[in-house]
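Work through these exercises with the sequence and model open. Try each task before reading its solution.

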Amino acid sequence: MSVDCLFCRIIAGEFGTEFVAENDHAVAFRDIHPQAPVHVLVVPKQHVAAFRSRRELDADGMAGMFALIDEVAKREGIDQGGYRVVTNDGPDAGQTVFHLHWHVLGGTPLTGGFA
Ligand code: AMP
Ligand code: ZN
């Protein structure tokens, strides 16, 4: 938990953010600026700054985080049609929140890039 980190504060429930799914290792909530009909962020509960730091998660944390992506895709009804999973690592990739998170995007054919 980092008090300076927006996603740590969301995970702690400070803003009353609704979680669309949760397990022991990660939470999922809707992106505040959706780029697709389904745009959910899957976020490990342990503070890890970015993809490059992912090895700070133990094996259970890593597996739990990816399992929650599977669950979100099923719950949102996009697991059959397909979906995109994106993480931005660092400023040049457009990362704005420095707590590892996965954008899960779908609900429409995704033909273009992701901004
Ligand atoms: P990134 O730019 O990859 O670091 O992604 C950060 C994402 O967090 C952006 O898509 C924002 O729209 C989203 N975001 C920022 N603040 C919130 C919030 N309070 N609740 C939900 N999503 C947020
Ligand atoms: Zn954090």
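**Exercise 1.** How do the residues of the shell around ligand 1 divide into nonpolar, polar and charged?

*Solution.* Start with the ground rules. This is a predicted model, where local features need pLDDT of at least 70, side-chain atom pairs count only at pLDDT 80 or more, and totals for chains, interfaces and linings use all residues. Residues are numbered from 1 along each chain as its sequence is written, chains are lettered from A and ligands numbered from 1 in the order written, and side-chain values use heavy atoms, without hydrogens and water.

Next, take the shell: 16 residues lie around ligand 1 (near means a heavy atom within 4 Å). Sort them by class. Seven are nonpolar, seven polar and two charged (Asp, Glu, Lys and Arg count as charged, Gly as polar).

**Exercise 2.** Find which residues come nearest to ligand 1, then list polar contacts.

*Solution.* Asp 31, Asn 88, Thr 96, His 101 and His 103 come nearest. Now look for polar contacts (N or O pairs within 3.5 Å).

- A polar side-chain atom of Asp 31 is 2.5 Å from a ligand 1 oxygen.
- The side chain of Asn 88 places an N or O atom 2.8 Å from an oxygen of ligand 1.
- Ile 32 uses a backbone N or O atom, 3.1 Å from a ligand 1 nitrogen.

Finish with burial. Ligand 1 alone exposes 500 Å², and the protein buries 81% of that (Shrake-Rupley, 1.4 Å probe).

**Exercise 3.** Which helix or strand supplies the largest share of the shell around ligand 1?

*Solution.* Consider helix H1 (6–11) and strand S2 (26–30): each supplies at least two shell residues (DSSP runs, at least four residues for helices and two for strands). H1 gives the largest share, three residues.

Note on methods: A polar contact is a pair of N or O atoms within 3.5 Å; within protein, one must be able to donate a hydrogen and the other to accept it, and residues adjacent in sequence count only if both atoms are side-chain atoms.
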